[in-house]
Every structure is written in C-alpha cells, then in structure tokens.
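This report describes the fold, the packing and the charged contacts of a single protein chain. The sequence and the model are shown first.

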Amino acid sequence: MAQDWRLFQGGDTQPHDVETWPTAPPWRRFGDDARRRDQQRPLPYLISDEDRDVVNMALHLHRPLLVTGRPGTGKSTLAHAIARELKLGEVLHWPVNSRSTLTEGLYSYDAVGRLREASLKRRAEETAEAEPDIGDYLRLGALGTALLPVDKPRVLLVDELDKGDVDLPNDLLTVFEEGEFEIPELARLGEDRTIQVQISGTRKKAGIPGGWVSCRVFPVVVITSNGEREFPPAFLRRCVRLDLKQPDEQQLQRIVTMHLGEEIGARAQELIAEFVDRRSERELATDQLLNAVRLRSSGVRVDQDVLDKLFRSLNEVDA
C-alpha cells in the first residue's frame, strides 16, 4: 500500500499535525460545505422509469409512499431526492424505534419543566399570577410539523417503520386519513386561543389555533421498511407501495460515475464486478462499493485485504 495514506499509526508514534486533511466524499459533507455542494452539483439519485412512476403516483394521489428494499438500495435517500428536486425544503426526519409512539411523532410537552419554572417564578415574584407560556414547553414533532397548514407540502421521512411497535401503523391511519390532530394541552385553553409552538428542527414557531393542527395540503410522506415484519392490510391499502431492487452492474457503473465523476467511474469496472460477485453471496450495500472506489481514487491500494474489510456482510456477526 501507499506509505502516506495512513494518518493514524498507533504504537509509540509521536503526536503530529495533519497538514492536509482528507477531502470528504461528496456524500459525507456537512454544514456550509454540503450546502455549497447542493447548489453547485447536487448528489444525483438514480431511479428506474418504473419506480419513478410509482413515486409520481403517490404525489398525485396525496398518499404515503411505503418504500421497501434491502439496506443500501436508497430508500431513505429517495425522500431527500424528492425534496431537493421539487424544492420542498429540508426533509423532516422521524427515525422510528421500538419505543416510538404516535404522540412522539406529533408533538412533545415538557410538563415537568413548565411546573418547575412556574414554581420558581412564583417564589421569586411572590405572586400566583406568574405562569410561563405553555407554548415554550411544546414542540411539534416531525409528523406534526409536516401537517402544518402550508401551500406547498413538506417532505416527511418516516424511517424504518417496521422497527416500531406493532400498533404504530394502525395509530397512523387516522392522522393520514384526516390530515389533522389535536393537542389536548392547548385545546383545553379554548377555541379562541392561538398559541405559538416550536417547530421540529428549528427555533421558529407556528401558531396553533384552538389546539388543532390541520394540513392544507397533504405532506409528501416517505415511509421506509427493511421488511422485518408485515404491516396490516388496512395500513397497506392507504399507501402507494414501492419495492426498490438492488442495482445491477450497469446501474452501479452509473451510480459511481454520477457520484465520483467520469474518470474515476471508468477505472472502477473491476471493483464493481468484484462487488457484484460478492453481493451474490452476502448482504452488501451500494455505499460499500462507493467507499471502496473513493479510497482507491484517494491513493489507497485496494487489495483483497482491504476489500474483505470494506465488503463485509451487513449480516455478519463477530465471533
């Protein structure tokens, strides 16, 4: 291997400065660097004509898009591709786990914090009238923010719904069908009250009249699933379903070229063939191939030992 690619040596190596830090791959850039990348040359999203039409069906029908497929097929990235191409703003992200509830996706209320601050204010001001604004202790979740009344829809990514509680898909049905929900803590204050509540992922606030959030246009909802369990028929019939297949060798060539350029893509054919061959025997994701191509283009000699580490099966368990 090249002698100068290892930044970290270990052992008794003395602390040293890295004069030139490695340039991040296009898909691992953040902050201002990522924003400049998106303005100059946004990351592409390769999709078949058939799959593209399914996405458009969901957009026209104002239905959630349920995307299934193996890890690394671009399920979550699809939401970002839709938001970027259609100029629908930042994607609202709700990562689902076994403890996720519908209320968590809609909003959160810090009742304990509000009571504590009210107690402190009363003590300091020696009056029972000191009551903190309830809106300061309410925050809309990703789903709740997506249902705010706006003229253009927001994109909501409900990631890995199959990891959630078995009842969560059924809990979502009413919200998806009616496009609205109630915040009981605000509804109790009366219909004539509009309370400013914090919005997910930002410091901005939105006015909630009478404790109800009702969308004006249904959000673009992309729900991903790794197929770990089946969803109830009532939920499935309310979704447009898209099953993303693993890209073949020709598609992988296009993906590498689109991400890393024509010159690097032209030199990646051998690695792509190796990846496809190994993928037939183990669970691999496309970004593992991109990692290998990127390393080699950075001057690293990608031999069999390196490939064994980069192309490690996603299902492999340490002995």
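## Charged contacts and packing

At 17% relative accessibility, Arg-238 counts as buried. In this predicted model, Arg-238 forms a salt bridge with Glu-177, and the closest N and O atoms lie 3.5 Å apart. Glu-177 belongs to helix H7, whereas Arg-238 sits in the loop between helix H9 (233–236) and strand S11 (240–243), so the pair ties together parts that are 61 residues apart in sequence. Unlike its buried partner, Glu-177 is partly exposed, with a relative accessible area of 41%.

The count of salt bridges comes to twelve. Three of them are set out below.

| Salt bridge | Closest N to O |
|---|---|
| Asp-136 and Lys-205 | 2.6 Å |
| Glu-177 and Arg-238 | 3.5 Å |
| Arg-267 and Glu-263 | 3.2 Å |

The bridge between Asp-136 and Lys-205 also links distant parts of the chain, 69 residues apart: Asp-136 lies in the loop between helix H5 (111–125) and strand S4 (138–140), and Lys-205 in strand S8 (residues 205–209). Asp-136 is partly exposed at 40% relative accessibility, and Lys-205 is partly exposed at 37%. In the pair of Arg-267 and Glu-263, Arg-267 is partly exposed at 45%, while Glu-263 is exposed at 60%. In addition, Asp-49, Arg-52 and Asp-53 are linked in a network of salt bridges.

The protein chain contains 14 helices and eleven strands. Of its 319 residues, 41% count as buried. Among contacts with a separation of 6 or more, 76% join residues 24 or more positions apart. The accessible surface amounts to about 19000 Å², and carbon and sulfur atoms contribute 47% of that area.

The largest nonpolar core has 39 residues, of which Trp-94, Leu-143, Leu-156, Leu-161, Ile-183 and Phe-235 touch the most other members. Helix H7 (residues 168–178) supplies the largest share of this core, with five residues. Another core, of 21 residues, lies apart from it and includes Leu-252, Val-256, Ala-292 and Val-293.

Helix H12 (residues 269–279) has Leu-271, Ile-272, Phe-275, Arg-278 and Arg-279 as its buried residues. These cover an arc of only 130° around the axis, which puts them on the same side of H12. They pack against helix H10 (249–260), helix H13 (286–297) and helix H14 (304–310). The face turned away from this buried side carries the exposed residues Gln-269 and Glu-270.

The structure holds zero disulfides. Cys-239 is buried at 10% relative accessibility, whereas Cys-215 is partly exposed at 22%.

Terms used. Residues are numbered from 1 along each chain as its sequence is written. This is a predicted model: local features need pLDDT of at least 70, side-chain atom pairs count only at pLDDT 80 or more; totals for chains, interfaces and linings use all residues. Side-chain values use heavy atoms; hydrogens and water are left out. Buried means under 20% relative accessible area, exposed over 50%, partly exposed in between (1.4 Å probe, protein chains only). Helices (H or I, at least four residues) and strands (E, at least two) are DSSP runs, numbered from the N terminus. The arc is that of the directions from the helix axis to the C-beta atoms. Contact means heavy atoms within 4.5 Å. Accessible areas come from the Shrake-Rupley method with a 1.4 Å probe; for residues, only the protein chains shown count as cover. A nonpolar core is a set of buried Ala, Val, Leu, Ile, Met, Phe, Trp, Tyr and Cys residues joined through side-chain atoms within 4.5 Å. A disulfide is a pair of cysteine sulfur atoms within 2.5 Å. A salt bridge is a side-chain nitrogen of Lys or Arg within 4 Å of a carboxyl oxygen of Asp or Glu.
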